[in-house]
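Some labels used for protein structures rest on cut-offs. The turns below ask how such labels are reached in one case.

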Amino acid sequence: MRIVVTDAATVVGDGVTLDFLQSFGEVTAYDVTAPAELAERIAPAEILLCNKTVIPAEAMDAAPGLRFIGVFATGYNNIDLEAASAREIVVCNVPGYSTEAVAQMVFSHILLIASSIDRYTADTRAGKWVNYPVFTMLTHPMEELSGKTLGIFGYGSIGKRVAEIGAAFGMKVLVHTRTERPGCPFPYVDAHTLLSSADYLSLNAPLNAQTARFINEESIREMKDGAVLINTARGGLVDEEALAAALRRGKLRAAGLDVLQSEPMASDCPLLGLPNCHITPHVAWAPEETRERLMQIVTENLKAFLEGTPRNRVC
């Protein structure tokens, strides 16, 4: 069995390895793969594993023996599913593995913004609290989350967990999603109500034709003045030019982003350098425990496919 991994550098490290693959066959793992290198590298593959490498139809044509594509992620918009289906290639993803980690990152951003943690720690590190005239230094705004409205766009496993944590903080939770989930304890609202009501708006939806650029110039106009946007889902959910303009003029107070339209971040990204835009480099999913769980599910996916009973199949 010939196994090719196109972007191993995106998942290994800190004790997480690809050693589990050795029991399945001959493994060739590349740290990263440029588009121009893809066809040649995957040509011998029967099993292809990737994270964010774009796999178009022409790449599949270069690998006539390809039978299985395993994605080291929940999202699979980088795979041409129509082409894979036409070629009878099974595609499997890894749902649910990062729920706790991503929900944790949502609230890491929310708490940083609500409590001005970055500003206060920077000031203390710079010695501004040394010999301050009183015991407390009230130099940056802070607010309680209790009583604030948390809007959730997308109510899959991550959106559900974010909603639960918000409720534990005493926030009023509103949900907008394409498909209502039975038993949801939070009110479902339309998009307008979500946008106009949320003090904090968390994007937790997949990227598709219906959700692309959900946050744009028009939707930002509907949002509360001074609202905060959190995006840990996909960069394509946000029109970055419109967001940057809203942050500059103060329409939105702040944004906390773990994903961007272009990754790695482009040097001309309009959000680069904005003091009220807090950006982490797509790491919400990446705690060591989370990646170990990811590897375990990828192993189970591959084993199930080889046994003729594919699991977590998206195509």
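Q: What makes strands 7, 6, 8, 9, 10 and 11 an open sheet, and in which order do they lie?
A: The 6 strands have the order 7-6-8-9-10-11 with parallel pairing, and two strands pair if DSSP finds at least two bridges between them. Strand 7 and strand 11 (277–279) are the edge strands, each pairing on one side only. Neighbouring strands of this sheet are turned by 15° against each other on average, direction ignored. The strands themselves are DSSP runs of E with at least two residues, and helices are runs of H or I with at least four, both numbered from the N terminus.

Q: What kind of model is this, and how are its residues numbered?
A: This is a predicted model, in which local features need pLDDT of at least 70 and side-chain atom pairs count only at pLDDT 80 or more, while totals for chains, interfaces and linings use all residues. Residues are numbered from 1 along each chain as its sequence is written, and side-chain values use heavy atoms, with hydrogens and water left out.

Q: How do you know that strand 8 and strand 9 pair?
A: Strand 8 (residues 200–203) and strand 9 (residues 227–231) run parallel and are joined by 4 bridges, where at least two are needed. Leu-201 stands opposite Leu-229 in strand 9.

Q: What does helix 9 touch on this sheet?
A: Helix 9 (residues 240–249) packs on the sheet and touches strand 9, strand 10 (252–257) and strand 11. Its direction makes about 135° with that of strand 10; such angles run from 0 to 180 degrees between N-to-C directions, and axes are lines fitted to C-alpha atoms, for helices over the stretch in contact.

Q: Which strands form the sheet with the order 2-1-3-4-5, and which are its edges?
A: This open sheet has 5 strands with parallel pairing. Strand 2 (26–29) and strand 5 (90–92) are the edge strands. Strand 1 (residues 2–5) and strand 3 (residues 47–50) pair over 3 bridges, and Ile-3 has Ile-47 as its bridge partner.

Q: Why is Ile-297 called buried?
A: Its relative accessibility is 15%, and buried means under 20% relative accessible area (exposed is over 50%, partly exposed in between, with a 1.4 Å probe and protein chains only). Ile-297 therefore counts as buried. Ile-297 is in helix 10 (residues 288–306). Leaving aside neighbours within four places in sequence, its contacts (heavy atoms within 4.5 Å) are Val-94, Pro-95, Tyr-97, Arg-311 and Asn-312.

Q: Why does Cys-269 form no disulfide with Cys-277?
A: A disulfide is a pair of cysteine sulfur atoms within 2.5 Å. The sulfur of Cys-277 is the closest to that of Cys-269, but at 7.5 Å it is too far for a bond. For Cys-50 the closest cysteine sulfur, in Cys-92, is 12 Å away, again too far. The structure holds 0 disulfides.

Q: Why is the pair of Tyr-155 and Tyr-188 called edge-to-face?
A: Rings of Phe, Tyr and Trp (its six-membered ring) pair if their centres lie within 6.5 Å; planes under 30 degrees apart count as stacked, over 60 as edge-to-face and the rest as tilted. Here the centres are 6.3 Å apart and the planes are at 75°, so the pair is edge-to-face. Tyr-155 is buried at 5%, whereas Tyr-188 is partly exposed at 23%.
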